[in-house]
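Got your viewer open? Load the model, pick a cartoon view and get ready to click along.

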Amino acid sequence: MPLQIKHADGITMPIIICDFCHEQITDAKDGSYQFRGVDTTGEINDIFFTHEKCCRAFEKLDPESLWSSVSLECLPIYLGNNLNLNLKEALETAKRLEK
Ligand SMILES: [Zn+2]
């Protein structure tokens with residue numbers, strides 16, 4: 001369950017936990033999301049998260065699978081595209097809810 005909620009000082013925040021070392025990924029440039037399979041139309045696969053340093057070791061846990069990995073920097077953008085997210089409106093909503 002790598003996407004979790006962290007509670008700290010009265011604040012709740014979504015965080016991502018590495019599926020290999022089980023530590024929090026705190027910098028998008030230091031992480032990837034990974035999935036099995038290649039471009040097969042209609043196929044839906046589970047998503048995993050790893051630090052860059054854990055990526056290859058994680059894949060070796062299931063060496064028979066064909067793995068793909070993408071930088072975590074891209075995840076909010078690609079996910080936003082599939083959620084029909086208007087980034088400007090979402091930023092305004094987030095700021096309003098922080099108050
Ligand atoms: Zn890790």
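Below is a walk through the chain, one selection at a time.

**Stop 1: the whole chain**

Before selecting anything, keep in mind that this is a predicted model. Show the protein chain as a cartoon and you should find 3 helices and 6 strands. Follow the sequence along and the pattern reads β-β-β-β-β-α-β-α-α. Turn the C-alpha trace around: along its principal axes it spans about 50 × 35 × 20 Å. Of the 99 residues in the protein chain, 15% are buried. As for contacts in the chain with a separation of 6 or more, 49% of them link residues 24 or more positions apart.

**Stop 2: the sheet β1-β2-β3**

Now select β1 (3-8), β2 (residues 11-17) and β3 (24-25). These 3 strands make an open sheet in the order β1-β2-β3, with antiparallel pairing. Which strands stand at the edges? They are β1 and β3: each has a single partner strand, so one side of each is left without a neighbour in the sheet.

Zoom in on β1 and β2. The two run antiparallel and are joined by 6 bridges. For one of the pairings, click H7, then look across to its bridge partner in β2, T12.

Next, step into the loop between β1 and β2 and select D9. This residue is not a glycine, yet it has a positive phi of about 50 degrees. Is D9 buried or exposed? It is exposed, since just 4 other C-beta atoms lie within 10 Å and a residue counts as exposed at 12 or fewer.

**Stop 3: the sheet β5-β4-β6**

Hide the previous selection and bring up β4 (residues 31-36), β5 (residues 48-51) and β6 (residues 67-71). Here is another open sheet of 3 strands, with the order β5-β4-β6 and antiparallel pairing. This time β5 and β6 are at the edges, and because each has a single partner strand, one side of each is left without a neighbour in the sheet. Tilt the view to see the strands turn: neighbours in this sheet are rotated by 35 degrees against each other on average, direction ignored.

Start with β4 and β5, which pair over 4 bridges in the antiparallel sense. Among the facing residues, G31 stands opposite H51 in β5, and Y33 stands opposite F49 in β5.

Swing over to β4 and β6. They also pair in the antiparallel sense, over 5 bridges. Click S32 and its bridge partner in β6 is S71; click Y33 and the partner in β6 is V70. That gives Y33 a facing residue in β5, F49, as well as one in β6, V70.

**Stop 4: side chains of β5**

Turn on side chains for β5. Which residues point which way? F48 and T50 point one way, F49 and H51 point the other way, and all are buried. As a general rule, side chains in a regular strand alternate between the two faces of the sheet.

Keep F49 selected and display what is around it. Leaving aside neighbours within four places in sequence, F49 is in contact with P2, I16, I17, C18, D19, I25, G31 and Y33.

**Stop 5: the nonpolar core**

Select C18, F20, I25, Y33, F48, F49, C54, F58 and L72 and show them as spheres. These 9 residues form the largest nonpolar core.

**Stop 6: S69 in β6**

Go back to β6 and pick S69. How crowded is the spot? S69 is partly exposed, with 18 other C-beta atoms within 10 Å. Apart from its neighbours within four places in sequence, S69 is in contact with S32, Q34 and C55. Try a distance from S69 to F48 as well: the two are 21 residues apart in sequence, and their C-alpha atoms are 9.2 Å apart in space.

**Stop 7: the last loop and helix**

Select N84, in the loop between α2 (75-82) and α3. Its phi is near 55 degrees, a positive value in a residue other than glycine. N84 is exposed, with 6 other C-beta atoms within 10 Å.

Finish on α3 (residues 87-98). At 1.5 Å a residue, its 12 residues should span 16 Å, and the end C-alpha atoms are indeed 16 Å apart, which agrees. How many of those 12 residues are buried? The number is 0, so α3 lies largely in the open.

How values were computed: Residues numbered from 1 in each chain as written. Predicted model: local features only at pLDDT ≥ 70, side-chain atom pairs only at ≥ 80, totals over all residues. Pairing = 2+ DSSP bridges. Buried ≥ 20, exposed ≤ 12 C-beta atoms within 10 Å, placed from the backbone. Contact = placed C-beta atoms within 7 Å. Core = buried A, V, L, I, M, F, W, Y, C linked by C-beta atoms within 7 Å. Axes fitted to C-alpha atoms, helices over the stretch in contact; angles between N-to-C directions. Expected span 1.5 Å × (residues − 1).
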